[in-house]
Amino acid sequence: MKKLMVLVLSLIMALSFLCSASAESADLLSQIKERGYIIIATEGDWAPWTFHNEANELVGLDVELGTAIAQYLGVEARFEETNWDSILQGVDSGRFDIACNGVGYTETRAEKYYFSTPYVYTHKVLVVRGDNESIHSFEDLQGKKTANTASSTYAAIAEEYGATVTGVDALVDTLQLVLQGRVDATINSQVTINDYMLAHPEANIKVVAEGPGEPVAIPVRKAADTETLLAAINEALDALLTNGTISEISTRYFNGLDLTRAPEE
């Protein structure tokens, strides 16, 4: 009897271990479906991508997109707001499953993260104070001071043109530094600056140059257990692009612009 009890207990322990190991080894998509929600990182203060409306509700193109992807996966979308510099770090550490925050695809980022199919394509603009007559092009940034979130592609672009970048946390901080004359310029998303200027027509800023931006996509932690999630997100984006959902959202948030087509199209 004792031997039988020992055998039964050993089998129970073995089964428990196997179940635990199986749960731990389950891919991220399976974990998301099991828990019933996907954790999405976003800033919440970068209109029109992700921001709070007058009722303090989190809205924006990326909020609607993240919600639509979650619905496609059959789970709830849970957004966690954080500053830009913490978004990719949080995806990398597993704190967030994905990020929906106008994240531009770059080859450098692609070395560390998987990226989904692009869902929109941005353009970049160079912004200065209204009375600035020394900057008319990106090349004029040589030796000048700019402001941007430190790990953004816009900061990297400014540095490539020879500017010294002051790190900030949000767009409003960036433009305040420009308005106060503490920096000479900033580079940002065209639709973001357009949205700001429509909301603040009195703001003493102007756009002096425009240029091609980058494809915007969803970053996922690069690992074997995230490949099925990436494939599912691409399926969702393909469906949402095909049925016109993303075009409609883009037009609504980007003041009539449908940015789902690549510039060469």
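# Questions on helix 4, salt bridges and the chain

Visitor: In which helix is the place of Asp 85, and is the residue buried or partly exposed?
Guide: The model is a predicted one, and it gives Asp 85 a relative accessibility of 28%. Since buried is reserved for values under 20% and exposed for values over 50%, Asp 85 counts as partly exposed. The place of this partly exposed residue is in helix 4.

Visitor: How far is the C-alpha atom of Asp 85 from that of Thr 149?
Guide: Leaving aside neighbours within four places in sequence, Asp 85 is in contact with Ala 150 and Ser 151. Thr 149 stands 64 residues away from Asp 85 along the chain, and the separation of their C-alpha atoms is 7.2 Å.

Visitor: Which elements are included in the cover over the buried residues of helix 4?
Guide: Helix 4 spans residues 84-93, and its buried residues include Trp 84, Ile 87, Leu 88 and Val 91, along with Ser 86 and Gly 90. The cover over the buried residues of this helix includes two elements given with their spans as strand 5 (98-99) and helix 5 (107-110), and it also includes strand 1, strand 6 (113-115) and strand 12 (219-221).

Visitor: What phi does Gly 94 take?
Guide: Gly 94 is placed just after helix 4, whose residues run 84-93. The phi of Gly 94 is positive, at about 90°.

Visitor: How many residues apart are Lys 112 and Asp 92?
Guide: Lys 112 forms a salt bridge with Asp 92, with 3.4 Å between the closest N and O atoms. The pair links distant parts of the chain, as Lys 112 is in the loop between helix 5 and strand 6 while Asp 92 is in helix 4. Both count as partly exposed, Lys 112 at 45% relative accessibility and Asp 92 at 30%. Along the sequence, the number of residues by which they are apart is 20.

Visitor: Which residue forms a salt bridge with Glu 133?
Guide: The closest N and O atoms of this salt bridge are 3.2 Å apart, and Glu 133 itself is exposed, with a relative accessible area of 55%. Glu 133 lies in the loop between strand 7 (120-129) and strand 8 (145-148) and its partner in strand 11 (residues 205-216), so the pair ties together parts that are 73 residues apart in sequence. The partner counts as partly exposed at 22% relative accessibility, and it is Lys 206.

Visitor: Which residues are linked in the network of salt bridges that includes Arg 252?
Guide: Arg 252 forms a salt bridge with Glu 248, the closest N and O atoms being 2.7 Å apart. Because Arg 252 and Glu 248 are four residues apart in helix 10, about one helical turn separates them. Arg 252 has a relative accessible area of 41%, and Glu 248 has a value of 41% as well. The network consists of Glu 64, Glu 248 and Arg 252.

Visitor: What is the phi of Asn 255?
Guide: Asn 255 lies in the segment after helix 10 (245-253) and, at 44% relative accessibility, counts as partly exposed. Although the residue is not a glycine, its phi is positive, near 55°.

Visitor: Where does Asn 56, with its positive phi, lie?
Guide: Asn 56 is not a glycine, yet its phi is about 65°. The residue is exposed, with a relative accessible area of 55%, and it lies in the loop between strand 2 and strand 3 (58-59).

Visitor: Is the peptide bond from Ala 47 to Pro 48 cis or trans?
Guide: Pro 48 is found in the loop between strand 1 (37-42) and strand 2 (51-52). The omega of the bond from Ala 47 to Pro 48 is near 0°, and the bond is cis.

Visitor: Which residues does Thr 174 touch, not counting those up to four places away in sequence?
Guide: Thr 174 is found in helix 7, as is Asp 173. Asp 173 is partly exposed at 36% and belongs to a patch of negative charge on the surface, whereas Thr 174 is buried, with a relative accessible area of 2%. With that limit on sequence neighbours, the residues touched by Thr 174 are Ala 147, Asn 148, Val 168 and Thr 186.

Terms used:
Residues are numbered from 1 along each chain as its sequence is written. This is a predicted model: local features need pLDDT of at least 70, side-chain atom pairs count only at pLDDT 80 or more; totals for chains, interfaces and linings use all residues. Side-chain values use heavy atoms; hydrogens and water are left out. Patches are made of residues with over 30% relative accessible area and no salt bridge: like charges are joined within 9 Å, nonpolar side chains (Val, Leu, Ile, Met, Phe, Trp, Tyr) within 5 Å. Accessible areas come from the Shrake-Rupley method with a 1.4 Å probe; for residues, only the protein chains shown count as cover. A salt bridge is a side-chain nitrogen of Lys or Arg within 4 Å of a carboxyl oxygen of Asp or Glu. Lys and Arg count as positive and Asp and Glu as negative; His and the chain ends are not counted. The place of a charge is taken as NZ of Lys, CZ of Arg, CG of Asp or CD of Glu. Buried means under 20% relative accessible area, exposed over 50%, partly exposed in between (1.4 Å probe, protein chains only). Contact means heavy atoms within 4.5 Å.
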